[in-house]
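Work through the exercises below with the sequence and the model at hand. Each task is followed by a stepwise solution.

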Amino acid sequence: MSNNKVPITRLGKFFGAEDFDLDISMGEEWLHGDLNFTVVLYKIDRQKTITDNVYGETVSDGVKFLPPIEFKAFVQIMAPENKNVGTSKIEQFEPGNIRVSVYQKQLDELGIDIEYGDYLGYYETETLVRYYTVNNDGRVVSDNKHTYGGYKPFYRTIMASPVGPNEFKGL
């Protein structure tokens with residue numbers, strides 16, 4: 001039987017856990033204090049949601065939600081697009097997708113996990129809230145973009161598409 005030692009020392013001499021934690025805390029101070037973007041998570045309660053017995057599809061008014069939770073994130077709203085409906089010549093102007101970058105530490109502290117199909121609410125103004133459905137929950141964080149110098153992952157990027165008022169209106 002061999003001793004399994006993982007020689008990951010490329011950053012340990014000049015960058016370790018203390019440096020990582022300090023950089024994260026400075027980033028959180030900037031994000032939570034200076035930017036102060038607030039997003040509301042409407043998490044689907046997958047245990048209480050009512051589905052049919054044949055295909056597992058949600059029945060009318062069968063989607064149940066956990067209580068909404070606010071969290072701080074860096075929000076980017078993509079430019080809207082003009083798209084044709086199906087193969088027709090009818091055009092519709094759709095709002096752009098939203099990109100939400102959130103520290104994994106905050107998700108852990110709040111005890112939340114954002115998954116495909118959950119809804120996000122973002123107040124564009126004091127009176128206008130736009131709702132989005134998560135289409136990429138950002139779970140893959142092993143790339144260089146989401147790690148600090150290859151040390152370890154520290155944030156997730158969640159992508160979501162806008163929904164109409166007939167699909168979701170908030171709680």
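Helices (H or I, at least four residues) and strands (E, at least two) are DSSP runs, numbered from the N terminus. This is a predicted model, in which local features need pLDDT of at least 70, side-chain atom pairs count only at pLDDT 80 or more, and totals for chains, interfaces and linings use all residues. Residues are numbered from 1 along each chain as its sequence is written, and side-chain values use heavy atoms, with hydrogens and water left out.

**Exercise 1. Place S101 and decide: buried or exposed?**

Step 1. Find the element. S101 sits in strand β6 (residues 98-103).

Step 2. Apply the cut-offs. Buried means under 20% relative accessible area, exposed over 50%, and partly exposed in between (1.4 Å probe, protein chains only). S101 has a relative accessible area of 13%, so S101 is buried.

Step 3. List the partners. Contact means heavy atoms within 4.5 Å. Setting aside neighbours within four places in sequence, S101 contacts A73, F74, Y155, R156 and T157.

**Exercise 2. Describe the fold and the confidence of the chain.**

Step 1. Count the elements. The protein chain has 2 helices and 9 strands. Their order from the N terminus is α-β-β-β-β-β-β-α-β-β-β.

Step 2. Check burial and contact range. Of the 171 residues, 31% count as buried. Among contacts with a separation of 6 or more, 62% join residues 24 or more positions apart.

Step 3. Read the confidence. pLDDT is the predictor's confidence in each residue, from 0 to 100. The chain averages 83, and 84% of the residues score at least 70. Strand β2 (residues 69-72) has the highest mean, 96, while strand β5 (residues 91-94) has the lowest, 68.

**Exercise 3. Which elements give two or more residues to the largest nonpolar core?**

Step 1. Define the core. A nonpolar core is a set of buried Ala, Val, Leu, Ile, Met, Phe, Trp, Tyr and Cys residues joined through side-chain atoms within 4.5 Å.

Step 2. Find its hubs. The largest core has 17 residues, and V39, F71, I98, V100, I114, L120 and I158 have the most contacts inside it.

Step 3. Assign elements. β1 (38-42), β6, β7 (119-123), β8 and β9 (155-162) each give two or more residues to this core. β6 gives the most, with 3 residues.

Step 4. Inspect one hub. Beyond four places in sequence, V39 touches I69, E70, F71, A73, V75, V100, L120, G121 and Y122.

**Exercise 4. Characterise the two largest pockets.**

Step 1. Fix the terms. On a 1 Å grid over the protein atoms alone, a pocket is an open set of points where a 1.4 Å probe fits, with protein on both sides within 12 Å along at least five of seven lines; lining residues have an atom within 4 Å of a point. Grid points are joined across faces, edges and corners, and a volume is the space filled by probe spheres set on the points.

Step 2. Take the largest pocket. Its volume is about 300 Å³. Of its 19 lining residues, P95, G96, R130, P162 and V163 are closest to the centre. β4 (81-84) and β8 (129-136) each supply at least two lining residues. β8 gives the most, with 3.

Step 3. Take the second largest pocket. Its volume is about 160 Å³. The lining consists of I44, V63, F65, G117, Y119, E167, F168, G170 and L171.

**Exercise 5. What is the sign of phi at N36?**

Step 1. Locate N36. The residue lies in the loop between α1 (17-35) and β1.

Step 2. Read the angle. Phi of N36 is near 55°, a positive value in a residue other than glycine.

Step 3. Add accessibility. N36 has a relative accessible area of 42%, so N36 is partly exposed.
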